[in-house]
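Visitor: Got a minute? I'd like to go through this one with you, piece by piece.

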2 protein chains.
Amino acid sequence: MELMRTETRNDGDAMMPIAPGRVAIAGMGLIGGSLARRLVERGCEVAAWNHRPAPYERARREGIVCVDDIVGLVDFHPDVLVLCTPLKAMGDVLGALAAAWDPDIVLTDVGSVKGQVRDDVVAAGLGRWYVGGHPMAGNERSGYQASDPRLYDGALWAVTVDGSTSYDRLLTMVRFVTECVGNRCIVLDDGTHDRAAAMISHMPHVVATALANELSDSPDRNIEQALAAGSWRDMTRVALTDPNRTRAMVEEDAANVAELLHHMARRLEDAAHALERRPGDEVRNRELDALFSHADPYRRFKASRIDSFPQRTLTVTPDAWRDELLASARRGEHITACESGTTFRVELRTAL
Amino acid sequence: MELMRTETRNDGDAMMPIAPGRVAIAGMGLIGGSLARRLVERGCEVAAWNHRPAPYERARREGIVCVDDIVGLVDFHPDVLVLCTPLKAMGDVLGALAAAWDPDIVLTDVGSVKGQVRDDVVAAGLGRWYVGGHPMAGNERSGYQASDPRLYDGALWAVTVDGSTSYDRLLTMVRFVTECVGNRCIVLDDGTHDRAAAMISHMPHVVATALANELSDSPDRNIEQALAAGSWRDMTRVALTDPNRTRAMVEEDAANVAELLHHMARRLEDAAHALERRPGDEVRNRELDALFSHADPYRRFKASRIDSFPQRTLTVTPDAWRDELLASARRGEHITACESGTTFRVELRTAL
């Protein structure tokens, strides 16, 4: 299958790459299917492939060009090709793509762990064309039948780069996220992304699992379950979802998760030792003061209700754009638009 | 203030104590106020006292007899007097009650930690009349203005006894919970209750606090907060509530919380060590298998949707009723009614 490349938008700015108007999606599950449908809704031309053609009939009705094999995605001549397949299928998919690759395409993905995806991409010889992507979107459902373009409403993407990423491809990816999908993004290196994901998702999943195991081992578990209320339900909810999926996610980010588990174990031990001192003991009071007040700035941040965020223009330089974009993300700024080839519109969204 | 004792219901069963029809409530916050209003709705005569008379006007309109001082609650000649005051006010309240006590009254409470309340009650010389109570009811609001009789809809009470508790007073308490409030109960000793509360509430609150502290200490906290989604929100929700209230709750149950924190720290360390082994390592696989499958029976229990629970009659004996009721609770049975002076209707509700 080969389609003519349609005319792409031209912003009249010589420094900006053409905005991506043609997108190929490999994998039409919840995340890939929702993305494809959203892109069609927003005026992009979208081709998609799935390992089983079950979603094709409905997808075609929804304006998606469905291709028979993965090479059909390359032949569609997309500006961006998004890998939405499971991590374990990535090797096969990348091998097939590499054999037919078109160097005009920017390759990206939606995986929740970035280091491993880049390793797979580089092993397939496609590293030069790759910019990592991880949209903060999803729910507990799965499959194209559960797809919903609104899944991406207001979503933030982590976009990941390394020392070999070309600035032009990064710009194409940022414009894809902000203009095609209509979302925000932050630009990180893989390691920073994967450490952050360990903090806010992978490690907490292990903690929730350990809580469920602790109750399971208790001779009074039926009494405990009877007394359990909102706090227990919230703390263990993620332990109830498919433990094999959780395990795979944790194993993909094993080193970062292990480091944070050591930290957490130390914090819990310290709290236990403080509670074992006699009531009124000076060290106990000091340590419990610290334990319970340490996150006060975080509590204040979470309690604040901000309707409009401060905006500004961020200018990057040719030699230091990676560090400049990472520093911007560390300040809590999110990119909402490319303003020119070297400037971005950013909103100060998450500054604790 | 002294009112005539109204005629109480008589079930025509010589072995059963009269069902409690008059109830006194000390403390008209969210829990006490909601309880008083529910009891009025269900046909009980209710007197209440609060340390400040602010709720009295509205409470009187809602059918509650408001008394000027705490001794007025004794003078009301209630069948049951329920302490709904904060734990830190318990000493003063108990002292005032002890000076005017009427031995026909069963004394109970709604505190979330039972051992300490009993210590205070015994210190005031009222241990003989006390049966502990802890309804699993509440929300994030507080005060009489937030009270709602429906807070108790379908609630379970932990009812606690010790070696000195008379069976007659336990029966009065069980009938109070099941007939007056219209709830279920399980009968425990204080230690079992407080260990269970540490498991499903107090220890998880410390874990949530430690998670919030871990993020607060991260140089990438703004990035982490940007990427945080449902799992992080649920795992840290209770860390955002008033940390002083959390600290007080944890300190009241310090020994049990400390023991469980040691267990959790060990579980997290074990998980970290497994993840630090090389992928494919036999020990790693075995330990991760155990970590992620251990709570499968709990997952199956939580996934089961049971509309009607098996019911049966539980018969207790004069010499062993404490152990028999505790064993019933351990099996996951909840008491829904007194059938006679020695038999209870129980439902198998939480059997993992």
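**Chains, contacts and salt bridges**

Guide: Sure, let's begin where the chains meet: 38 residue pairs are in polar contact across the interface of chain B and chain A, with both partners at pLDDT 80 or more. Keep in mind that this is a predicted model.

Visitor: Which helix of chain B gives the most to the side that touches chain A?

Guide: That's helix H7, residues 190-216, with 21 residues on the side of chain B that touches chain A. Sorted by class, that side of chain B has 50 nonpolar, 23 polar and 20 charged residues.

Visitor: And how many residues does the contact take from each chain?

Guide: There are 93 residues from chain B and 93 residues from chain A.

Visitor: How much area do chain B and chain A bury between them?

Guide: About 8600 Å², and 65% of that is on carbon and sulfur atoms. Within what chain B buries against chain A, B:Glu214, B:Leu227 and B:Phe292 supply 9% of the area, more than any other three residues.

Visitor: What rotation superposes chain B on chain A?

Guide: One of 180 degrees, with 0.0 Å of shift along its axis and an RMSD of 0.1 Å. The two copies are thus related as by a two-fold rotation axis.

Visitor: Through which surface do the copies meet?

Guide: The same one: 100% of the interface residues of chain B are also interface residues in chain A, so the copies meet through the same surface.

Visitor: Let's switch to charges. How many salt bridges does the rule find across the interface of chain B and chain A?

Guide: It finds 12 across that interface, while a search of the whole structure gives 48 over all chains. One that joins chain B to chain A is B:Asp220 with A:Arg330, where the closest N and O atoms are 2.3 Å apart.

Visitor: What does A:Glu251 form a salt bridge with?

Guide: A:Arg247 is one partner, with the closest N and O atoms 2.9 Å apart. These two are 4 residues apart in helix H10 (residues 243-252) of chain A, which means about one helical turn separates them. B:Arg284 is another partner of A:Glu251, in a salt bridge of 2.6 Å, N to O. B:Arg284 lies in helix H12 (residues 282-293) of chain B and A:Glu251 in helix H10 of chain A, so this pair joins two chains.

Visitor: Which residues are linked in a network of salt bridges there?

Guide: The network links A:Arg247, A:Glu251, B:Arg284 and B:Asp289.

Visitor: Buried or exposed, B:Arg284?

Guide: Buried, at a relative accessible area of 2%. A:Arg247 counts as buried too, at 13%, whereas A:Glu251 is partly exposed at 25%.

Visitor: OK, over to chain B. Where is B:Glu251, and what does it touch?

Guide: B:Glu251 sits in helix H10 (residues 243-252) of chain B. Not counting residues up to four places away in sequence, B:Glu251 touches A:Leu275, A:Arg284 and A:Leu288. Its relative accessibility is 25%, which counts as partly exposed.

Visitor: How far apart are B:Glu251 and B:His202?

Guide: In sequence, 49 residues; in space, 9.1 Å from C-alpha to C-alpha.

Visitor: New topic: B:His134. Where is that?

Guide: In strand E6 (residues 132-135) of chain B. B:His134 is buried, with a relative accessible area of 12%. Its side chain is joined to that of B:His193 by a polar contact of 2.8 Å. Leaving aside neighbours within four places in sequence, its contacts include B:Asp109, B:Lys114 and B:Trp157.

Visitor: What joins B:Lys114 and B:Asp109?

Guide: A salt bridge, with the closest N and O atoms 2.6 Å apart. B:Lys114 is buried at 0% relative accessible area, and B:Asp109 is buried at 0% as well.

Visitor: Last one: what is the phi of A:His77?

Guide: Positive, about 55 degrees, although A:His77 is not a glycine. A:His77 is in the loop between helix H3 (71-75) and strand E4 (80-83) of chain A, and it is partly exposed at 22%. In chain B, B:His77 also has a positive phi of about 55 degrees. B:His77 is in the loop between helix H3 (71-75) and strand E4 (80-83) of chain B, and counts as partly exposed at 21%.

Note on methods
Residues numbered from 1 in each chain as written. Chains lettered and ligands numbered in written order. Predicted model: local features only at pLDDT ≥ 70, side-chain atom pairs only at ≥ 80, totals over all residues. Heavy atoms only, no water. Contact = heavy atoms within 4.5 Å. Buried area = accessible area lost by both parts, 1.4 Å probe. Salt bridge = Lys/Arg side-chain N within 4 Å of Asp/Glu carboxyl O. Polar contact = N/O pair within 3.5 Å; in protein donor to acceptor, adjacent residues only side chain to side chain. Nonpolar A, V, L, I, M, F, W, Y, C, P; charged D, E, K, R; others polar. Least-squares fit on C-alpha atoms with pLDDT ≥ 70 in both. Buried < 20%, exposed > 50% of the residue type's maximum accessible area, 1.4 Å probe, protein only.
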